[in-house]
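Got the viewer open? Let's take a walk through this model, one selection after another.

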Amino acid sequence: MKVAPSILTANFTNLAQEIKSVEKGSDYIHVDIMDGHFVPNISFGPAIAGQISEVTDVLLDIHLMVDYPLLWIDKVNFKTTEFITVHAESNRYAESIKRIKYLGKKAGLCIKPSTPVDIIMPYLNQLDLVLVMGVEPGYGGQMFIQSQLDKIKMLADLKKEHGYTYEIEVDGGINATTAKQCAEAGATIVVAGTYIFNFENREERINTLK
Ligand code: DX5
Ligand code: ZN
């Protein structure tokens, strides 16, 4: 299992050190960008995301929780950006996927807990990553919604059946128990905020998830 610590739950007064503390064992750093409209919260914008990209060599996994991703994609196109993920509930997401690919980055599409896999079916062959939310997006520290496991299974079956190559990533409510359930369902990357950052020995937590 690949692990992407979500920087949203880090201590922002001490960000460089917080990033350093999760570098060992991490496959990506998950970077949540919010616009205050798509979700009822604001995290940080591209400027801080850019600074994050400068203090670590770990590749960035950027999650855009915004109404108009086309306005944001170019602003988070850093040298170390690996994935840019947009939501299937946002505006012009199909064009957004094209734009991400045009920039030479890997494209992800995310579905909220109430969005069925059917909606994104036509795009699966173009995607490098499908992000399944384990909670309502916007805040860390929520409980994993168990019904999302069926979506992970469905995406894993479709991947096998059609030979698709996307990663299946799960974000929200991840801990040792839910990560195991996600792995069994076919997930390949888990994002974890609270589980990693609310614990002193972060390396140990990352290894547990792996
Ligand atoms: C939620 C964010 C997540 C969040 C996960 O909207 O997309 O990345 O930080 O936090 P935990 O792991 O605490 O659920
Ligand atoms: Zn996220």
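In which strand is Asp171 found? Select residues 167-171 and you have strand β7, which holds Asp171. Before going further, keep in mind that this is a predicted model.

**Stop 1: the two listed aspartates**

Keep Asp171 selected and add Asp32. UniProt, in an unreviewed entry, lists Asp32 and Asp171 under "active site". They are spread over 140 residues of sequence, yet they cluster in space, with a largest C-alpha distance of 10.5 Å.

Is Asp171 buried or exposed? Asp171 counts as buried because it has 26 C-beta neighbours inside 10 Å, and 20 or more are enough for that label. Now show what surrounds it: setting aside neighbours within four places in sequence, Asp171 is in contact with His63, Leu131, Met133, Gly134 and Val191.

Asp32 sits in strand β2. It has 25 C-beta neighbours inside 10 Å, so Asp32 counts as buried too. Beyond neighbours within four places in sequence, its contacts are Ser6, Leu8, Ser43, His63 and Met65. Notice that His63 turns up in the contacts of Asp32 and in those of Asp171.

**Stop 2: strand β2 and its partner**

Select residues 29-34 to see the whole of β2, where 6 of 6 residues are buried. Which residues point which way here? Ile29, Val31 and Ile33 point one way, while His30, Asp32 and Met34 point the other way. That fits a broader pattern: in a regular strand, side chains alternate between the two faces of the sheet.

Next, add residues 60-65, strand β3. β2 and β3 pair in the parallel sense over 6 bridges. To get from β2 to β3, the chain passes through helix α2 (residues 46-55), and this β-α-β crossover is right-handed. For a close-up of the pairing, pick His30 and look for Asp61 of β3, which it stands opposite.

While you're on β3, click Leu60, which is found in this strand. Leu60 counts as buried because it has 25 C-beta neighbours inside 10 Å. Ile29 is 31 residues away from Leu60 in sequence, but 5.0 Å away in space, C-alpha to C-alpha. Leaving out neighbours within four places in sequence, the contacts of Leu60 include Ile29, Val31, Ile52 and Phe78.

**Stop 3: into the core**

Which members of the largest nonpolar core touch the most other members? Select Ile33, Ile62, Val130 and Val190: these are the ones, out of 60 residues in that core. The largest share of the core, 5 residues, comes from β6. Zoom in on Ile62, which is in contact with residues including Val31, Ile33, Ala49 and Phe83, not counting neighbours within four places in sequence.

**Stop 4: back along β7**

Return to β7 and choose Glu169, which has its place in this strand. Glu169 is buried, because 27 other C-beta atoms lie within 10 Å. Set aside neighbours within four places in sequence, and Glu169 is in contact with Leu129, Leu131, Ala187, Ile189 and Val191. With Ile189, the C-alpha to C-alpha distance is 4.5 Å, although the two are 20 residues apart in sequence.

**Stop 5: the listed binding site**

Now light up another UniProt feature. The unreviewed entry places "binding site" at Ser6, His63, Gly138, Tyr139, Gly140, Gly141, Gly173, Gly193 and Thr194. Two of its glycines are worth a click.

Gly173 lies in the loop between β7 and α5 (176-185). It has 25 C-beta neighbours inside 10 Å, so Gly173 counts as buried. Among its contacts beyond four places in sequence are Gly134, Val135 and Phe144.

Gly141 lies in the loop between β6 (129-133) and α4 (148-162). Gly141 is partly exposed, because it has 13 other C-beta atoms within 10 Å.

**Last stop: helix α3**

Select residues 93-102. Which residues of α3 are buried? They are Tyr93, Ser96, Ile97 and Ile100. These residues cover an arc of only 100 degrees around the axis, so they are on the same side of α3. Turn on β4 (81-87) and β5 (106-111) as well, since what covers those buried residues includes both strands. Finish just past the helix at Gly104, which follows α3 and has a positive phi, near 85 degrees.

Methods. Residues are numbered from 1 along each chain as its sequence is written. Chains are lettered from A and ligands numbered from 1 in the order in which they are written. This is a predicted model: local features need pLDDT of at least 70, side-chain atom pairs count only at pLDDT 80 or more; totals for chains, interfaces and linings use all residues. A residue is buried if 20 or more other C-beta atoms lie within 10 Å of its own, exposed if 12 or fewer, and partly exposed in between; C-beta atoms are placed from the backbone. Helices (H or I, at least four residues) and strands (E, at least two) are DSSP runs, numbered from the N terminus. The arc is that of the directions from the helix axis to the C-beta atoms. Two residues are in contact if their C-beta atoms, placed from the backbone, lie within 7 Å. Two strands pair if DSSP finds at least two bridges between them. A crossover is right-handed if, with the strands pointing away from the viewer, the path from the first strand over the helix to the second runs clockwise. UniProt positions are given in the numbering used here, feature names are shortened, and annotations may be inferred rather than shown by experiment. A nonpolar core is a set of buried Ala, Val, Leu, Ile, Met, Phe, Trp, Tyr and Cys residues joined through C-beta atoms within 7 Å.
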